[in-house]
Amino acid sequence: MKAGIAREALDGERRVAATPETVKQLVGLGLAVEVESGAGLASGHSDDDYRSAGASVVGSLDLGSLDVYCHVRPMDPTTAGALRRGAVTVGLGSPSSELPTVRALAVGGITSFALELVPRISRAQSMDALTSQALVAGYRCVLEAAMRLPRFFPLYMTAAGTIPPARVLVLGAGVAGLQAIGTAKRLGARVSANDIRPASADEVASMGGTFIKLDLETAEASGGYARELSADRGALQRALLTPHVAQADVLITTAAVPGRRAPLLVSREMVQGMKPGAVVVDLAAESGGNVEGSIPGQDISIPTGDDQGTVTLVGMKDVASAMPADASRLYAKNVANLLALMTRDGVVSPDFEDDVVAGTCLTHEGAVRHAPTAEALAALAGETAPFGSIQPGTEGVR
Ligand SMILES: NC(=O)c1ccc[n+]([C@@H]2O[C@H](COP(=O)([O-])OP(=O)(O)OC[C@H]3O[C@@H](n4cnc5c(N)ncnc54)[C@H](O)[C@@H]3O)[C@@H](O)[C@H]2O)c1
């Protein structure tokens, strides 16, 4: 079977779905691998590196000839429509926002796997691209803050005086938040954090942070994810967080609730109550923002309430893509490991009895298997029945 590796089309996307290392893995599975010329350049891999690993390099992929198509960003409907019936695709699908592509995949009879749907279970960890990319994002957002902060992170005791460590506050202690805590600790900051899941207090402590316990009930849904707070609970959380935000030199927000807009944790007034020179990095800017007024890809200067200076509000965008070498190294392993789970003797043949395979599959034989996506498509089309048939037991949380 022939697997094609896309050169990402989206402007600014610098990651790639296979590295020379994973090409070797795919060739070892018995697949013939075709890589689009230049696909790995931004991640540090030349066409020759791919050839040495056993791939052939082509000017552009002949989509209709591929058995397997590997990508990073969600495909557009035209790409999905050019694949042959029965082809297998592996990559990020953003099913809730890319409904036209999902429809094209279903109509085209493509067996598509969306890495956002990988079940959050131990056996699937090596295929979990949300986790691998969140690790990159959590690390990177601390560096973005450090570069904008007009002071040190660590404590310095020098002949010219003592400099106290910066105070870093992290809101949302999932995968990215915990990486942010660990990175800020390694830089020497004094780190505190808050999350609404009950397990998060121990997780924050394990990374060296101090957990801020608010007088607010915890909110956990199935699968270990957070539940959305009601409007009045959200307002109470903001009120309880206000003094902690005011003390922080750096505020990093990473909170998310699957399938929902990012929760608003920090109002403009809370930002205005921070110290002059403080930096706020909103990792959730692209999904609605945890901080009022954040704009993806932009720095905004907000005057402090006392008019003594400004706070820099950074809206993060395409974070993992900003570190394409290691983001691709991890992402490509996620892709290759999922393919390895489905490949025997050079043939990719998904076994839907396997709960990782079944849970990750978005479309198969004309049906949308992910229930929330099928329902969203049906609602979009005004259909009474969901688009395609939903397989039982595939109701993911995202
Ligand atoms: N394979 C695995 O077993 C595996 C892999 C990755 C993550 N997980 C678990 O999945 C869960 C979700 O992790 P994630 O990083 O994908 O989360 P996420 O990206 O969905 O959300 C980020 C964090 O925001 C928090 N949050 C939501 N609303 C909040 C609010 N109002 N205030 C403060 N914080 C808020 C969430 O609790 C979460 O910790 C965690 O329990 C994590 O340990 C398990």
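This report walks through the ligand site and one sheet of a predicted model.

## About the model

Local features need pLDDT of at least 70 and side-chain atom pairs count only at pLDDT 80 or more, while totals for chains, interfaces and linings use all residues. Residues are numbered from 1 along each chain as its sequence is written, and side-chain values use heavy atoms, leaving out hydrogens and water.

## Around the ligand

Let's start with the ligand. Around it are 23 residues, each with a heavy atom within 4 Å; R120, V175, D195, R197 and Q237 come nearest. This shell holds 12 nonpolar, seven polar and four charged residues (Ala, Val, Leu, Ile, Met, Phe, Trp, Tyr, Cys and Pro count as nonpolar, Asp, Glu, Lys and Arg as charged, and the others, Gly among them, as polar).

A polar side-chain atom of D195 sits 2.6 Å from an oxygen atom of the ligand. Backbone N or O atoms also lie by ligand oxygens: one of G174 at 3.1 Å and one of A256 at 3.2 Å. The protein buries 85% of the 840 Å² that the ligand exposes when taken alone (Shrake-Rupley method, 1.4 Å probe).

## The open sheet

Now for the sheet. Eight strands (DSSP E runs of at least two residues, numbered from the N terminus) form an open, mixed sheet in the order β3-β2-β1-β4-β5-β6-β18-β19; two strands pair if DSSP finds at least two bridges between them. β3 (56–58) and β19 (367–368) are the edges, each with a single partner strand, so one side of each has no neighbour in the sheet.

Strands β1 (residues 2–5) and β4 (residues 68–70) run parallel and are joined by three bridges, with I5 opposite C70 in β4.

Note on methods. A polar contact is a pair of N or O atoms within 3.5 Å; within protein, one must be able to donate a hydrogen and the other to accept it, and residues adjacent in sequence count only if both atoms are side-chain atoms. Helices (H or I, at least four residues) and strands (E, at least two) are DSSP runs, numbered from the N terminus.
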